[in-house]
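These are my notebook entries on one structure, written down in the order in which I looked things up. I began with a single residue pair and worked outwards from there.

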Amino acid sequence: MSDPTDTREVILEARELTREFDGVKALDRFSFKLHRGEVLGLLGANGAGKTTAMNCLLGLTLPTSGELNAFGMPLQANRIKILQRANFSSAYTALPGNLLVWQNLLVFAHIYGVPNPKKKIAELMELLEISHLNKSVTGQLSAGESTRVNLVKAFLNDPELLMLDEPTASLDPDIADKVRKVVRKVQRERNVAILYTSHNMRDIEEVCDRVIFLHKGKIVCEGTPSDIVAQSSSDNLEDVFIKIARDGELLDEPKKASAV
Amino acid sequence: MNFRIISALVMRYLFLYARSPMRLVELAFWPVVDLVVWGNVTVFIQKNTNPEFGSYVLFFLGGMILWDIMFRAQQGVAISFLEDVWTRNLLNIFVAPVRSSEYISATFIVGMLRILITAVVLSFISWFGYAFNVFQLSWWLIPFFLNLMLFGWSLGMISTALILRWGLAAESLAWAIPFFFQPVVAVFYRVEDMPAWSRPIAWCFPPTYIFEGMRDVMKSGTMNWDYLGYAAGLNVLYLALAGWLFVWVLNLTRKRGLLTKFATQ
Ligand SMILES: Nc1ncnc2c1ncn2[C@@H]1O[C@H](COP(=O)(O)OP(=O)(O)OP(=O)(O)O)[C@@H](O)[C@H]1O
Ligand SMILES: [Mg+2]
């Protein structure tokens, strides 16, 4: 699965990660490596185990078995050190709705110990084109605005590792496009490693260097989006997705793309 | 423990209170209602009994004020945590480099700030409205406040652990916890007036020593020093137990994967 000649620094690594809920395996011996500066997409149908994987990687959920390392350190014993260098954003969490946007961001900037926090916040808000929302009440933002505020929070500490769980869910195509471009831009500028889940294949094709398809907690195939499409008899990633979601495998072709 | 993180968490509550002054009103409203009711009852008793008991009966007010200190401390801790649950912010906190000890410390500080406000308001009204001067307890007030605050923190941590484990279904239970203790910690009556079987139970909890001590001080100007020692010792024990419970529940929720379901619900 991993190429021995690959010399890039490994930022995040899971070995045989398994997570059971009431005897059902939400993740089944899931192994992967995420390298510095790489964007890895996790794909799969609803319930495939993507969020569970992310929660394990964030230390929110303990795996039933398996090993997790980030920045070369075991995750559980070094959670705080690792989280200082990482960040997370999801369409399904929110910042406290009763505070103003700048107040929320300032609090998190202090938590992460961001030097010169006001300047940093202003820069990031400008980058995500939400400077005008500075004094808005967080709870009154539209879904798209709130997603972008969450992203500002996620970029505050210049993370080396970023986990984005469906960051473009509920965004209109225009904003989704902008968010993808910003994520890509920041990612390239700072060489961030990103773990990315989405149900939007456009997202995946544009943002991810490599993808892993999960089905019932198991890896079905992995490779670059174009390799995977090429190796299946499908025309595009969306067809591959549907095939895997229905059959649990890519029937007509080799199950794994070899390139990593 | 990182002080920068604790102060960032506290800053959040200050923003919160500055943004919604209604929360401050709530800090004063119930204590004032309680105080007026108990104050009037006291005046009524004073007018209808002999003068000696009449002056002693002011301990109703003292008991009420000190009880409120403990109750507010518990609430401060639990509310701080609930704010994160209500606002779906818990996940953001848990994925930030925040240690449990830092998080809890911040809730303690918020609890303390809430107490200060309540205490000032109550002392003021009881002095002007009912000629009860809390400062007649003089410097005894300091250990009284501290001990009750510490026990309030322990109860707050227990409430938080309950909510962490059972979700918002446990919320009302969390509010009720201090009142489970009210009958047995001798807030408004002496331990010797309680049924014999319940007295040993009463002495298991730090507030009992404080409320007994308060009545002694009001009567004679001094109290049994041992009481302060027992109260402090028991408080250390309860804080340790409550802290252990909180961390244990936190780890349990991680193991069961409940943290995320709960944090995003
Ligand atoms: N705390 C939990 N308790 C019990 N089962 C859980 C828990 N968390 C997740 N699961 C189960 O684990 C499986 C994987 O869920 P997960 O949320 O990881 O899926 P997902 O790939 O993120 O799906 P979606 O695309 O819908 O977000 C599901 O069957 C889910 O019901
Ligand atoms: Mg999910």
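Which residue of β4(A) stands opposite R15(A)? I looked this up first, keeping in mind that the model is a predicted one, and found that E67(A) in β4(A) is the residue opposite R15(A).

**Entry 1: the antiparallel sheet**

I then followed the two strands of that pair, and noted that β1 (residues 10–21) and β4 (residues 65–70) of chain A pair in the antiparallel sense over 5 bridges. Another opposed pair that I wrote down for these strands is L12(A), which stands opposite A70(A) in β4(A). On tracing the sheet as a whole, I found 4 strands in the order β2-β1-β4-β5 of chain A, forming an open sheet with antiparallel pairing. Its edge strands are β2 (24–35) and β5 (73–74) of chain A, each of which pairs on one side only.

Between β1(A) and β2(A) I recorded 8 bridges, with the strands running antiparallel, and V10(A) stands opposite H35(A) in β2(A). These two strands make a hairpin with 2 residues between them, and in that hairpin D22(A) takes a positive phi near 50°.

**Entry 2: other positive phi values**

I made a separate note of such angles because most residues other than glycine have a negative phi. N116(A) has a phi near 50°, and I located N116(A) in the loop between α3 (101–111) and α4 (117–127) of chain A. K216(A) has a phi near 45°, and K216(A) sits in the loop between β9 and β10 of chain A.

**Entry 3: the mixed sheet**

That loop led me to the other sheet I looked up, an open one in which 6 strands of chain A follow the order β6-β7-β8-β3-β9-β10 with mixed pairing. At its edges stand β6 (86–90) and β10 (218–223) of chain A, and each has a single partner strand, so one side of each is left without a neighbour in the sheet. Neighbouring strands here are turned by 15° against each other on average, if direction is ignored.

At the β6(A) end I checked the pairing with β7 (residues 161–165) of chain A, which is parallel and extends over 5 bridges; within it, N87(A) has L162(A) of β7(A) as its bridge partner. Towards the other end, I noted that helix α9 (residues 237–247) of chain A lies across β3 (39–43), β9 (210–215) and β10 of chain A, and that α9(A) runs at about 25° to β9(A).

**Entry 4: ligand 1**

Which residues come nearest to ligand 1? Of the 14 residues around ligand 1, I listed G47(A), K50(A), T51(A), T52(A) and H199(A) as the nearest. The shell divides into 4 nonpolar, 7 polar and 3 charged residues, and its largest share, 3 residues, comes from helix α1 (residues 50–57) of chain A. Ligand 1 is surrounded by residues from chains A and B, so I entered the site as one shared between chains.

I then wrote down the distances to oxygen atoms of ligand 1: a polar side-chain atom of H199(A) lies 2.7 Å from one, a polar side-chain atom of K50(A) lies 2.8 Å from one, and a polar backbone atom of A48(A) is 3.2 Å from one. Taken alone, ligand 1 exposes 640 Å², of which the protein buries 69%.

How values were computed. Residues numbered from 1 in each chain as written. Chains lettered and ligands numbered in written order. Predicted model: local features only at pLDDT ≥ 70, side-chain atom pairs only at ≥ 80, totals over all residues. Heavy atoms only, no water. Pairing = 2+ DSSP bridges. Axes fitted to C-alpha atoms, helices over the stretch in contact; angles between N-to-C directions. Contact = heavy atoms within 4.5 Å. Near = heavy atom within 4 Å. Polar contact = N/O pair within 3.5 Å; in protein donor to acceptor, adjacent residues only side chain to side chain. Areas by Shrake-Rupley, 256 points an atom, 1.4 Å probe, with all protein chains shown as cover. Nonpolar A, V, L, I, M, F, W, Y, C, P; charged D, E, K, R; others polar.
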